Amino acid sequence: MAVLYVNGTAMPDPQSISVSIQDVDYESGRDQSGVMFRDRKRGGANSVRKIECKWPPLTDSQVSTLLKAVKDASMTLTYPDPYEGKYRNATVYVGDRKTPVYYLPEKTVNTSNPGATTPGATWSDVAFNFIEF
């Protein structure tokens, strides 16, 4: 079983996942006597999640699959949620996608598949966040 699914499709397993559980306030601050006031709109089970992911070294094919899966403005992410203690579906968008290359060999043309090259790059420290709407 995969760890993450985007729109029902299994993604390469991440090296690490960190889930931030964030309340959403309409208005908060302190009054003149310094007492805190807060108008929380989403909290507890309805809190917004930010799922920070980092992947181990990936092949060209794996990084391409991952990046193409998150190309849309929104998607459904299925992930292990610590608050619920089980897998949860969330409508999310993706922040900036960091994809540094770890190893870039001299590429040669693959004559059996024109347009393809071999061997491919290895991508390391690929990382981005899934942020719930």
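**Exercise 1. State how buried or exposed D81 and R49 are, and identify the contact between their side chains.**

Solution. At a relative accessible area of 3%, D81 is buried, where buried means under 20%, exposed over 50% and partly exposed in between (1.4 Å probe, protein chains only). R49 is likewise buried, its relative accessible area being 0%. The model under study is predicted: local features need pLDDT of at least 70, side-chain atom pairs count only at pLDDT 80 or more, and totals for chains, interfaces and linings use all residues. Residues are numbered from 1 along each chain as its sequence is written, and side-chain values use heavy atoms, with hydrogens and water left out.

Next, consider the contact. The side chains of D81 and R49 form a salt bridge, with N to O at 2.9 Å; the term denotes a side-chain nitrogen of Lys or Arg within 4 Å of a carboxyl oxygen of Asp or Glu. D81 belongs to strand β8 (residues 75-81) and R49 to strand β6 (residues 48-54), so the salt bridge ties together parts that are 32 residues apart in sequence. Strands (E, at least two residues) and helices (H or I, at least four) are DSSP runs, numbered from the N terminus.

**Exercise 2. Determine how many salt bridges the rule gives, and describe the one between K54 and D125.**

Solution. The count comes to 5 salt bridges. In one of them, the side chains of K54 and D125 meet at 3.3 Å, N to O. This pair links distant parts of the chain, 71 residues apart: K54 is in strand β6, whereas D125 is in the loop between β13 (122-123) and β14 (127-132). As to accessibility, K54 is partly exposed at 30%, and D125 is partly exposed at 32%.

**Exercise 3. Give the closest N and O separation for D72 and K71, and classify the accessibility of D72 and of K71.**

Solution. The closest N and O atoms of D72 and K71 are 3.7 Å apart, and the two residues form a salt bridge. D72 has a relative accessible area of 41% and is partly exposed. K71, with 60%, is exposed.

**Exercise 4. What is the sign of phi at N7 and at D125, and where do N7 and D125 lie?**

Solution. Most residues other than glycine have a negative phi. N7 is not a glycine, yet its phi is positive, about 50 degrees. N7 lies in the loop between β1 (5-6) and β2 (9-10) and is partly exposed, at 44% relative accessibility. D125, also not a glycine, has a positive phi of about 60 degrees. D125 lies in the loop between β13 and β14.
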